[in-house]
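Good morning. I will talk about charged pairs first and a pair of helices after that. Please have a look at the model before I go on.

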Amino acid sequence: MVPLNDWKIKLNLSLLEDIVTSLESGQVLFFPNLAFPIFPEEKVLFSPTLVKKNRKNISYNSKVDQLKACEGNSQTKAIIQSMMKRFSDHADQLLLHLFPGYELHLDKGLTSFRTVEAKDKPKTSLTKNDSLLHLDSFHSSPTGGRRILRFFTNVNPFNKPRVWKVGESYQSVLKRFLPTLNKPLPGSRLFMNRFGITKSYRSLYDHFMLGIHNKMKADDRYQREVDQETIEFPPNSCWMCFTDQVSHAALSGQYAFEQSYFLSLEGLIFPEKSPLHYMESILKKRVRN
């Protein structure tokens, strides 16, 4: 729990050291009193119909100042884009205060506005069902071992929490599922990259992480019986974690913002706590290639 109630308050060095240790050890950082401000003209637009049909979220790319998957007239889109840009800027400001050592090693991802009730999202496939415990890994977007850092805020105007489940530690997930996975077929990863199936070359690390992601979701008994905790994030609160390390599932909730970042291993304070390091320790070989 991080005692912040203002986006500009500076924390002391000792607390900052505790925060980065918790984050890189696979904990969820919770900011119970940190509210993202929503203006009246923004709040009146909140509706699940804001997002285009068959899309899960509205997205904003701060690198090119581009909004996608938002329905409505030009005025509505302008208001939503301005709000998402403001959230993105707030997230950047907070992140660089809490973790100044990350700055030179961060690649900023997309901002999303999740307007659809999580439990009502269509389950198009088992692997895309985020109500099941999983570690983040992307079929077409390998990370090469870069960390997936996500910052969330609940802006629900109807006093409804965002509800997650958090499962066992990354090390436990790894020991359980890694031995069940097959090595990639010779030449398969080069083929996928060459023909655009993946956006970049899929490393051994990405191959195994994707396998773990899929195996976790496909194991009904595991989903029922593994040690897990339900966490409610109330409106006007924020939370953050490395979603490639924290076993998590989104059970319910509506109207939340999320900002993604990718952090290279060189930026970590404790690289020995990274998923890639743990995987290499178990396999006793490099998985970065």
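A residue counts as buried under 20% relative accessible area, as exposed over 50%, and as partly exposed in between. Keep in mind that this is a predicted model. Asp107 has a relative accessibility of 27%, so Asp107 is partly exposed. Arg146, with 28%, is partly exposed as well.

These two residues form a salt bridge, with the closest N and O atoms 3.2 Å apart. Asp107 lies in strand 4 and Arg146 in the loop between strand 4 and strand 5, so the pair links parts of the chain 39 residues apart. In general, side chains of opposite charge can pair when their charged atoms come close.

Next, Asp130 and Lys217. Their side chains meet in a salt bridge at 3.0 Å, N to O. Asp130 sits in the loop between strand 4 and strand 5, Lys217 in helix 6, and 87 residues separate them. Is each partner buried or partly exposed? Asp130 is partly exposed at 31%, whereas Lys217 is buried at 1%.

Glu280 and Arg288 also form a salt bridge, again with a closest N to O distance of 3.0 Å. Here Glu280 is buried at 13%, and Arg288 is partly exposed at 38%. Shared partners also join Arg114, Asp136, Arg150 and Glu258 into one network of salt bridges.

Now the helices. The axes of helix 4 and helix 8 come within 11 Å and cross at roughly 40°, which means that helix 4 is oblique to helix 8. The crossing is right-handed. Residues making the contact include Tyr170 and Leu174 of helix 4 and Tyr278 and Ile282 of helix 8. The contact residues divide into six nonpolar, one polar and one charged.

Notes. Residues are numbered from 1 along each chain as its sequence is written. This is a predicted model: local features need pLDDT of at least 70, side-chain atom pairs count only at pLDDT 80 or more; totals for chains, interfaces and linings use all residues. Side-chain values use heavy atoms; hydrogens and water are left out. Axes are lines fitted to C-alpha atoms, for helices over the stretch in contact, and angles run from 0 to 180 degrees between N-to-C directions. Helices (H or I, at least four residues) and strands (E, at least two) are DSSP runs, numbered from the N terminus. Angles under 35 degrees count as roughly parallel, over 145 as roughly antiparallel, 65 to 115 as roughly perpendicular and the rest as oblique. A crossing is left-handed if the near helix is turned anticlockwise from the far one by less than a right angle, and right-handed if clockwise. Contact means heavy atoms within 4.5 Å. Ala, Val, Leu, Ile, Met, Phe, Trp, Tyr, Cys and Pro count as nonpolar, Asp, Glu, Lys and Arg as charged, and the others, Gly among them, as polar. A salt bridge is a side-chain nitrogen of Lys or Arg within 4 Å of a carboxyl oxygen of Asp or Glu. Buried means under 20% relative accessible area, exposed over 50%, partly exposed in between (1.4 Å probe, protein chains only).
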